[in-house]
Amino acid sequence: MRRRAFLFGLGGLSTATWTGAGAQDRVYRLAVISPSSLTAEEIRDVVFPELARLGFVEGRNLVTSTHTGDRSQLSSLGRDAVATRPDVIIASTNAAVRAILEHSKTVPIVMAFAGEDPIATGLAQSLARPGGSVTGLTNQSAEFGAKHISLLHEAVPAARRIAILAIPPPRHVDAVREMKRVAGTLGLEAREYFGDEVTAYGAAFAGMRQFRAQALAIAAAPEYIRDAKTLARLSAEAGMPSISEATSMAHDGCLMGYGPDRVAFRRRAADFVASIFRGTPPGEIPIEQPTLFQFAINMLTAKRLGLTIPTTLLARADEVIE
């Protein structure tokens with residue numbers, strides 16, 4: 001497996017271990033909120049050890065709480081997270097950020113990482129200087145969606161009808177619009193279908209079959225990473241090659257995964273949290289984006305679907321799953 005390095009605009013954030021008196025003399029409170037328990041676990045597994053390296057150790061000078069639930073529960077999760085009186089809240093999606101803002105406009109929030117444009121959605125004034133209570137990491141899923149359509153077209157050039165699986169509005173509105181725009185420029189017909197939990201996927205895939213979709217682009221969302229094996233199975237049953245945001249989803253059976261190195265990118269959130277613990281206002285910490293990405297192709301899935309992947313595409317993959 002070949003990995004491409006990540007380059008981040010450090011924005012003045014220090015990554016050095018901090019063991020000054022401030023870290024030892026007080027206890028810090030950190031809350032995590034996510035619509036996916038899998039994502040919350042990933043944050044704990046990746047961010048918390050990095051925080052410990054930076055001097056903030058759970059059980060010693062760090063108290064944490066985790067709040068997970070589906071989309072309909074986000075508002076109450078935001079209320080519960082704010083009620084813990086945290087010094088910082090880590091939020092995994094823009095919707096989770098908005099749920100926190102319903103209950104507090106002042107508690108510092110670190111996105112880790114959100115998929116919608118934080119400026120367009122009103123969460124920040126600019127990437128360089130957010131200006132409010134929100135900072136962190138954004139992966140700009142609309143841009144990924146455009147790349148997904150292009151890669152899918154390159155892998156399956158005979159497919160003319162593309163299905164898009166997305167979270168219901170207001171999530172993924174920009175991503176769906178961009179994906180359909182790119183599909184149009186390639187002479188493809190794209191149609192969106194919505195679902196964010198296992199009970200909703202049946203109706204979505206029934207609609208795709210009625211559309212006679214020939215390939216599937218799965219929008220970037222923690223819910224879809226959580227349900228990757230189910231989505232891969234449904235895609236295979238429908239005979240549709242699929243592409244998703246995470247290389248882990250290719251390991252779970254999707255044809256392709258393209259997106260940032262989730263572990264490396266999410267680990268960076270610890271530096272944001274530590275900087276706020278040390279006194280830097282979140283509005284003064286630049287929001288960061290990934291600059292390089294990972295690309296995986298599952299050749300077992302390709303063989304099951306009877307596909308021949310172009311050698312030019314295989315040569316660009318960071319990982320080919322045999």
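## Glycine 207

Glycine 207 sits in helix α7. The model is a predicted one. Relative accessible area at glycine 207 is 16%. Buried means under 20%, so glycine 207 counts as buried. Proline 86 is 121 residues away along the chain from glycine 207. The C-alpha atoms of these two residues are separated by 43 Å.

## Backbone geometry

One peptide bond here is cis: the bond joining alanine 112 and phenylalanine 113. Its omega is about -5°. Phenylalanine 113 belongs to strand β4, which spans residues 109–114.

Two residues other than glycine have positive phi values. Histidine 172 has a phi of about 65°. Histidine 172 lies in the loop between β6 (161–166) and α6 (173–185). Its relative accessibility is 5%, so histidine 172 counts as buried. Arginine 212 has a phi near 60°. The loop that holds arginine 212 runs between α7 (198–211) and β8 (215–218). Arginine 212 has a relative accessible area of 57% and is therefore exposed, the cut-off being over 50%.

## Nonpolar cores

In soluble globular proteins, nonpolar side chains tend to be buried together. In this model, the largest nonpolar core holds 55 residues. Leu165, Met208, Tyr224, Met249 and Met256 touch the most other members. Helix α5 (residues 141–155) supplies the largest share of this core, six residues. Another core, of 26 residues, lies apart from it. Phe48, Phe56, Ala274 and Phe277 are among the residues of that other core.

Which residues does tyrosine 224 contact, leaving aside neighbours within four places in sequence? Leu165 and Met249 are among them. So are Ala166, Ile167, Gly195, Asp196, Tyr201, Ile218, Ala219 and Leu231. Tyrosine 224 is also in contact with His172, the buried loop residue with positive phi.

## Helix α4

Helix α4 covers residues 94–101. How many of its eight residues are buried? Seven are, and the helix is mostly covered. The buried residues are Asn94, Ala95, Ala96, Val97, Ala99, Ile100 and Leu101.

Several elements take part in covering the buried residues of α4. Strands β1 (28–34), β3 (88–91) and β5 (134–138) are included. Helix α3 (74–83) is included as well. Strand β4 is also part of this cover, and β4 is the strand that holds phenylalanine 113, one partner in the cis peptide bond.

Methods: Residues are numbered from 1 along each chain as its sequence is written. This is a predicted model: local features need pLDDT of at least 70, side-chain atom pairs count only at pLDDT 80 or more; totals for chains, interfaces and linings use all residues. Side-chain values use heavy atoms; hydrogens and water are left out. Helices (H or I, at least four residues) and strands (E, at least two) are DSSP runs, numbered from the N terminus. Buried means under 20% relative accessible area, exposed over 50%, partly exposed in between (1.4 Å probe, protein chains only). A nonpolar core is a set of buried Ala, Val, Leu, Ile, Met, Phe, Trp, Tyr and Cys residues joined through side-chain atoms within 4.5 Å. Contact means heavy atoms within 4.5 Å.
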